[in-house]
Structure formats: structure tokens, C-alpha cells
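Student: I am new to this protein. Could you walk me through it?
Tutor: Gladly. Here it is.

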Amino acid sequence: MLKLIETNAWPLALTSLVQFVLFLRWIYRRIRNDELMRAFVEDMAMNHLPHMYDLLEKLCDKQGIDRDPAPPIRWIDLSDRNS
């Protein structure tokens with residue numbers, strides 16, 4: 001058993017450790033990217049879309065274009081398990 005540890009196990013253990021660390025780094029970045037994307041979409045829906053609709057309404061009124069009322073903007077949190 002000691003002979004196996006001395007010869008073949010060290011390179012195998014080292015490469016396995018490097019692959020595991022790279023996998024952890026990849027999965028962390030993937031999760032972090034999803035969190036940032038979710039925050040961006042929520043911010044866009046809650047803060048910026050109402051302002052855009054107001055400006056579009058003003059442009060339509062200025063040019064005399066008939067328009068439908070602005071749709072309600074509701075944020076649905078699909079990750080919330082309690083509702």
C-alpha cells in the first residue's frame with residue numbers, strides 16, 4: 001500500500017484536487033452570475049419600466065397617438081416557496 005501512495009497516487013490526487021478547485025470556482029461564478037442577473041431584472045422591472053412607460057405616454061400625448069393604458073408591472077418571485 002505504501003508503494004502505491006509513493007508512486008501513482010500523488011499525481012492523481014494533485015490533478016483531482018486541481019479539477020475540484022476549478023469546479024468549485026466555476027459553480028461559484030455561475031451562481032453569482034444568476035444572482036446578479038436576477039437583481040438586474042428585478043431592478044429594471046421595479047424602477048425603470050414605470051419611468052419608460054411615463055415617457056412613452058407623454059410622447060403619445062404630444063403626437064396625438066391613441067394608446068392603451070400601461071400594463072401593471074408586478075414582480076413575481078418564483079423562488080419564494082412560502083406563497
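Student: Which residues form a nonpolar patch on the surface?
Tutor: This is a predicted model. In it, the patch has about 430 Å² of accessible area together. Its members are F20, F23, L24 and W26.

Student: Where is F20 found, and is F20 buried or exposed?
Tutor: F20 lies in helix 1, which covers residues 2-63. Buried would need under 20% relative accessible area, and exposed over 50%. F20 has 47%, so this residue falls in between: partly exposed.

Student: How many helices and strands does the protein have?
Tutor: There are no strands to trace. The count is zero strands and one helix.

Student: What share of the residues count as buried?
Tutor: The protein has 83 residues. It exposes about 8100 Å², with carbon and sulfur atoms supplying 63% of that area. The share of residues that count as buried is 2%.

Student: Which residue forms a salt bridge with R32?
Tutor: The structure holds two salt bridges. In the one with R32, the closest N and O atoms are 3.3 Å apart. The partner of R32 is E35.

Student: What separates R32 and E35 along helix 1?
Tutor: R32 counts as partly exposed, at 38% relative accessibility. E35 is also partly exposed, at 38%. The two sit three residues apart in helix 1, so their separation is about one helical turn.

Student: How far apart are the closest N and O atoms of R67 and D61?
Tutor: R67 and D61 form a salt bridge. The cut-off for such a pair is within 4 Å. R67 is partly exposed, with 38% relative accessibility. The closest N and O atoms of R67 and D61 are apart by 3.4 Å.

Terms used:
Residues numbered from 1 in each chain as written. Predicted model: local features only at pLDDT ≥ 70, side-chain atom pairs only at ≥ 80, totals over all residues. Heavy atoms only, no water. Helix = DSSP H or I, 4+ residues; strand = E, 2+ residues; numbered from the N terminus. Buried < 20%, exposed > 50% of the residue type's maximum accessible area, 1.4 Å probe, protein only. Areas by Shrake-Rupley, 256 points an atom, 1.4 Å probe, with all protein chains shown as cover. Patch = residues over 30% accessible without salt bridge, like charges linked within 9 Å, V, L, I, M, F, W, Y side chains within 5 Å. Salt bridge = Lys/Arg side-chain N within 4 Å of Asp/Glu carboxyl O.
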